[in-house]
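Student: Could you take me through one part of this structure slowly, and then show me how that part sits within the whole? I would like to follow each step on the model myself.

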Amino acid sequence: MSSERVPVELCKGINGLEKVVLREVRGSSAEVYLYGGQVTSWKNDHGEELLFVSSKAIFKPPKAIRGGIPICFPQFGNHGSLEQHGFARNRVWSIDIDPPPFPTNTSSRAFIDLILKPSEEDMKIWPHRWCSFFNTCLSGNNDGQTHCFCLSEFYLSIIVSICSYEFRLRVALGPGGDLMLTSRIRNTSTEGKPLTFTFAYHTYFSVSDISEVRVEGLETLDYLDNLQNKERFTEQGDAITFESEVDKIYVSTPTKIAILDHEKKRTFVIRKDGLPDAVVWNPWDKKAKAMADFGDDEYKHMLCVEAAAVEKPITLKPGEEWRGRQELSAVPSSYCSGQLDPQKVLQCS
Ligand code: BG6
């Protein structure tokens, strides 16, 4: 009878993949898969799902889960030599049982700390080309294989310590049901090697009807258009609305962006820190049909607005740490147009 709400629970999700369920006392909840360190559900205290996950999403490595909040790291998109959006979204993360102290105090008990440490396989492809080269030479298929293999293993372990990094992610539900993601990436290289990466929280918001949605906070900003060879343009006019495919990287954006869903009478407010850019993506009908893990009509019910650091990659010296934070809230849409302060949003009904 007692509907006891355990704040943090580890259980099995789809296809037996491990997931963590977060529950806040007033009823909101979130789910995080260890595969990808990926949030796949965020519900308000009425149990309404706020994120989009495709009905065709494949919860099976190595395919990234289509929806929720994939983490794009160490590369956003195809801005580099790695696979699209990097590899963090298709690695299995671990629960970080002893994270370093967290600067922001939260009264909520509904949070989880995850960690992604590079495997030796990961070190072959990133961060340093010479690591990959070194490894290829050492593991070559020549005579004296055993000797060579031992050398390879030995040097790989050295390489891991020379070039390494740690990625810590905290996912937390605030007392009002806000969803907070904080990433801390540290360059743990022992040999003075810098670490350079791009990053995004690739958030898929659930919307009632994309043609009834508008985004505020990006007006008049410059963007790189992925549909036009990343050429730079300046956004014109009012809030952004949608009537065809969109794939734009807005640069140097304000720290608050709002998504107004008129039909649902709901506004999402994104607050971000350490993430200067914002990617806006909707595949529309043609691209939707081309994606195996996405329903043909599902583009109508989702919108990605992605807090990101893309235009200017982040570079960390050894020992340095970078922090990128995104806070999401969903408020009733008596939202006043042009007003991005969530407090005022609530007062203006
Ligand atoms: C967006 C990119 O962030 O992600 C798009 O800007 C890309 O170019 C989209 O198509 C989806 O990427 P993926 O790899 O998850 O299919």
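Tutor: Before we choose a place to look, one term is needed: strands here are DSSP runs of E with at least two residues, numbered from the N terminus. Please also keep in mind that this is a predicted model.

With that in hand, let us look closely at S54, which is found in the loop that lies between strand 4 (38-43) and strand 5 (71-72). Is S54 buried or exposed? Its relative accessible area is 5%, and since buried means under 20% relative accessible area, S54 counts as buried. The side chain of S54 reaches the backbone nitrogen of K56 at 2.9 Å. If we leave aside residues up to four places away in sequence, S54 touches R66, D293, F294, G295 and E298.

One of those partners, R66, leads us to the ligand, because R66 is also listed among the residues around the ligand, together with F76, Q84, H85, R89, H202, N226, D247, V279, W281 and E306. Three of these side chains can be followed atom by atom. In R89, an N or O atom of the side chain is 2.9 Å from an oxygen atom of the ligand; in E306, a polar side-chain atom lies 3.0 Å from a ligand oxygen; and in N226, the corresponding distance from a polar side-chain atom to an oxygen of the ligand is 3.3 Å. Taken alone, the ligand exposes 400 Å², and the protein buries 83% of that area.

Now we can step back to the chain as a whole, which has five helices and 20 strands. Of its 349 residues, 52% are buried, and S54 belongs to the buried ones. Among contacts between residues at least 6 apart in sequence, 66% join residues that are at least 24 apart. The chain exposes about 16,100 Å², with carbon and sulfur atoms supplying 50% of it.

Finally, consider how some of the strands are arranged. Eight of them form an open sheet in the order 6-7-8-9-20-17-16-12, with antiparallel pairing. Strand 6 (94-95) and strand 12 (213-216) stand at the edges with a single partner strand each, so one side of each has no neighbour in the sheet. At one of these edges, strand 6 is joined by two bridges to strand 7 (residues 111-116), and the two run antiparallel; there you can find S94 standing opposite I115 of strand 7.

Methods:
Residues are numbered from 1 along each chain as its sequence is written. This is a predicted model: local features need pLDDT of at least 70, side-chain atom pairs count only at pLDDT 80 or more; totals for chains, interfaces and linings use all residues. Side-chain values use heavy atoms; hydrogens and water are left out. Helices (H or I, at least four residues) and strands (E, at least two) are DSSP runs, numbered from the N terminus. Buried means under 20% relative accessible area, exposed over 50%, partly exposed in between (1.4 Å probe, protein chains only). A polar contact is a pair of N or O atoms within 3.5 Å; within protein, one must be able to donate a hydrogen and the other to accept it, and residues adjacent in sequence count only if both atoms are side-chain atoms. Contact means heavy atoms within 4.5 Å. Accessible areas come from the Shrake-Rupley method with a 1.4 Å probe; for residues, only the protein chains shown count as cover. Two strands pair if DSSP finds at least two bridges between them. A residue is near a molecule or strand if one of its heavy atoms lies within 4 Å of it.
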